[in-house]
Amino acid sequence: MTLGVILRHRFEGFELDVAFDAPPGITVLFGRSGTGKTTIINAVAGLLKPDEGRVATEDWVLFDTSTNHWVPPHKRRLGYIFQDARLFPHLTVRQNLAYGQWFAPKSAPREDMSRIVDMLGLGDLLSRRPAALSGGEKQRVAIGRALLACPRLILADEPLSSLDEARKAEILPYFERLRDETKVPILYVSHAATEVARIATSVVALDKGRVTGQGPAAEVLSDPAVTPLGVRAAGAMITARVTAHHADGLSTLRAEGSDLLMPRVTQPEGTDVRLWIGAQDVMLAIVRPDGISALNILDVTIRDLRVGTGPGVIVQLSFGRSVLLARVTRRSAEALNLHPGQSVFAVLKAVSLPRDAVGDVMNRT
Ligand SMILES: Nc1ncnc2c1ncn2[C@@H]1O[C@H](COP(=O)(O)OP(=O)(O)OP(=O)(O)O)[C@@H](O)[C@H]1O
């Protein structure tokens with residue numbers, strides 16, 4: 001089931017004009033603050049009636065302004081996952097989960113509570129009340145409650161933004177499972193690049209109320225013309241296989257015929273992972289560097305250079321069939337005469353990898 005979204009709405013000083021598709025899996029609405037992400041979520045939820053638009057799947061129309069069709073919010077069968085989990089404090093985890101189930105229509109296919117409890121690792125928490133849960137645990141219960149309502153669509157508005165880095169790392173694998181195991185489209189708002197790289201099936205990049213890029217996560221993220229958060233946060237996502245863990249805390253990952261050494265990889269050997277590599281963590285050399293501390297030196301070819309208004313240049317690199325981005329100064333690009341088609345070496349420090357940069361690969365069959 002794919003959700004089609006077409007929306008036009010004007011607030012004083014802001015105009016939203018977007019059209020995109022959300023296929024099964026997680027579609028991340030990705031952009032800076034004030035680009036219209038929450039306005040889109042509110043329109044899909046029915047909390048905002050847009051000036052014009054249509055939101056529908058193949059067999060179900062939530063609203064269509066051209067025909068005056070409008071399904072009220074409580075009949076839309078949506079699962080919500082908010083920034084704060086919004087659990088009922090006086091109910092146990094089991095009762096909070098059952099509350100979600102209570103809202104599932106009798107005609108809907110029943111979701112199996114024990115499957116959801118297993119998927120989210122909630123078995124040991126069922127008799128606790130929310131006050132006795134960590135932020136990450138609460139968020140897992142909120143995901144379970146949303147799923148048990150048998151939603152036709154899940155809306156997640158920055159669900160990780162109130163969690164610290166450790167809690168985020170704890171909960172990201174559950175969103176990865178949600179992405180891979182749930183058949184309904186999930187609209188997920190985020191402005192964190194590593195989070196997007198890990199969980200997105202597809203990305204809708206937004207800027208000032210407009211879609212600047214949409215498509216599979218790896219493509220949108222590595223397009224230097226898109227970079228929704230600006231060049232400082234630009235980066236690319238590649239997939240790699242964990243081939244060995246070493247005693248010094250590093251692991252070898254195989255990607256595009258090359259070995260990469262990375263820290264903090266917890267996935268077992270043989271696992272395919274997604275890896276987020278920030279553009280500012282990649283240096284370029286026109287001859288193979290020798291005698292440097294950086295552990296990863298990759299053969300790459302320059303595809304494109306994007307010169308902005310500032311002193312930096314985003315260089316798009318072909319790494320096998322994958323794409324990497326490097327951010328260098330315009331001065332370096334000129335001094336090295338960097339140009340499309342040129343073979344260069346990308347140098348990547350192992351320690352620069354952020355804590356949550358390695359995630360599971362989608363396992364959809
Ligand atoms: N009810 C409203 N009335 C007037 N202006 C609004 C209203 N709601 C949102 N806006 C404006 O619309 C723009 C988009 O807001 P929106 O909340 O959708 O952005 P966002 O991308 O979700 O931002 P954030 O990441 O900060 O939540 C902003 O300029 C905001 O001030």
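## Exercises on a predicted model

R264 sits in the loop that joins β14 (258–263) to β15 (272–278), and the structure that holds this loop is a predicted model.

**Exercise 1. Backbone and surroundings of two loop residues**

Determine the sign of phi at R264 and at E158, and decide from the C-beta neighbours whether R264 and E158 are buried, partly exposed or exposed.

*Solution.* Start from the general expectation: most residues other than glycine have a negative phi. R264 departs from this, since its phi is positive, about 55°, although the residue is not a glycine. For the surroundings, the limits are 20 or more C-beta atoms within 10 Å for a buried residue and 12 or fewer for an exposed one. R264 has 16 C-beta neighbours inside 10 Å and therefore counts as partly exposed.

E158 is treated in the same steps. Its place is the loop between β8 (153–157) and α5, and its phi is positive, about 45°, although E158 is not a glycine either. Because 19 other C-beta atoms lie within 10 Å, E158 is partly exposed.

A further positive phi, near 50°, is found at K208, in the hairpin of β10 and β11, where two residues lie between the strands. Those strands, β10 (residues 202–207) and β11 (residues 210–216), run antiparallel and are joined by six bridges, with S202 having P216 of β11 as its bridge partner.

**Exercise 2. The sheet and its edges**

Give the strand order of the open sheet of five strands, name its edge strands, and work out which residues of β16 are buried.

*Solution.* First write down the order, which is β16-β20-β17-β18-β19, with antiparallel pairing. The edges then follow from the pairing: β16 (282–285) and β19 (322–329) each pair on one side only. From one strand to the next the twist averages 45°.

Next, examine the pairs at the two edges. β16 is paired with β20 (residues 343–348) in the antiparallel sense over four bridges, and A285 has F345 in β20 as its bridge partner. At the other edge, eight bridges join β18 (residues 312–319) to β19, again antiparallel, and S318 stands opposite V323 of β19.

For the last step, recall that in a regular strand the side chains alternate between the two faces of the sheet. β16 shows such an alternation: V282 and L284 point to one face and are buried, while M283 and A285 point to the other and are not buried.

**Exercise 3. A buried residue and an exposed one**

Classify I277 and E12 by their C-beta neighbours, and list the contacts of I277 beyond four places in sequence.

*Solution.* I277 belongs to strand β15. It has 29 C-beta neighbours inside 10 Å, so I277 counts as buried. Leaving aside neighbours within four places in sequence, I277 is in contact with G235, A236, I238, V282, L324 and L348. A131, 146 residues from I277 along the chain, has its C-alpha atom 37 Å from that of I277.

E12 lies in the loop between β1 (3–11) and β2 (14–22). With 5 other C-beta atoms within 10 Å, E12 is therefore exposed. The C-alpha atoms of E12 and G34 are separated by 13 Å, the two residues being 22 apart along the chain.

**Exercise 4. The shell around the ligand**

Identify the residues around the ligand, sort them by class, and state which helix gives the most to the shell.

*Solution.* The shell is made of F11, F14, G31, S33, G34, T35, G36, K37, T38, T39 and H191. Sorted by class, these are two nonpolar, eight polar and one charged residues. Helix α1 (residues 37–45) gives the most, with three residues.

**Exercise 5. Where the domains meet**

Describe how the domains are bounded and how many residues each brings to the contact.

*Solution.* The domain assignment gives domain 1 (3–230) and domain 2 (236–360), whose centres, taken over C-alpha atoms, are 31 Å apart. Each side brings 16 residues to the contact. On the side of domain 1 that touches domain 2, α5 (165–181), α6 (193–199) and α7 (217–221) each supply at least two residues, and α5 gives the most, with six residues. By class, this side of domain 1 has 10 nonpolar, two polar and four charged residues.

How values were computed:
Residues numbered from 1 in each chain as written. Predicted model: local features only at pLDDT ≥ 70, side-chain atom pairs only at ≥ 80, totals over all residues. Domains from an automatic or database assignment. Contact = placed C-beta atoms within 7 Å. Nonpolar A, V, L, I, M, F, W, Y, C, P; charged D, E, K, R; others polar. Pairing = 2+ DSSP bridges. Axes fitted to C-alpha atoms, helices over the stretch in contact; angles between N-to-C directions. Near = placed C-beta within 6 Å.
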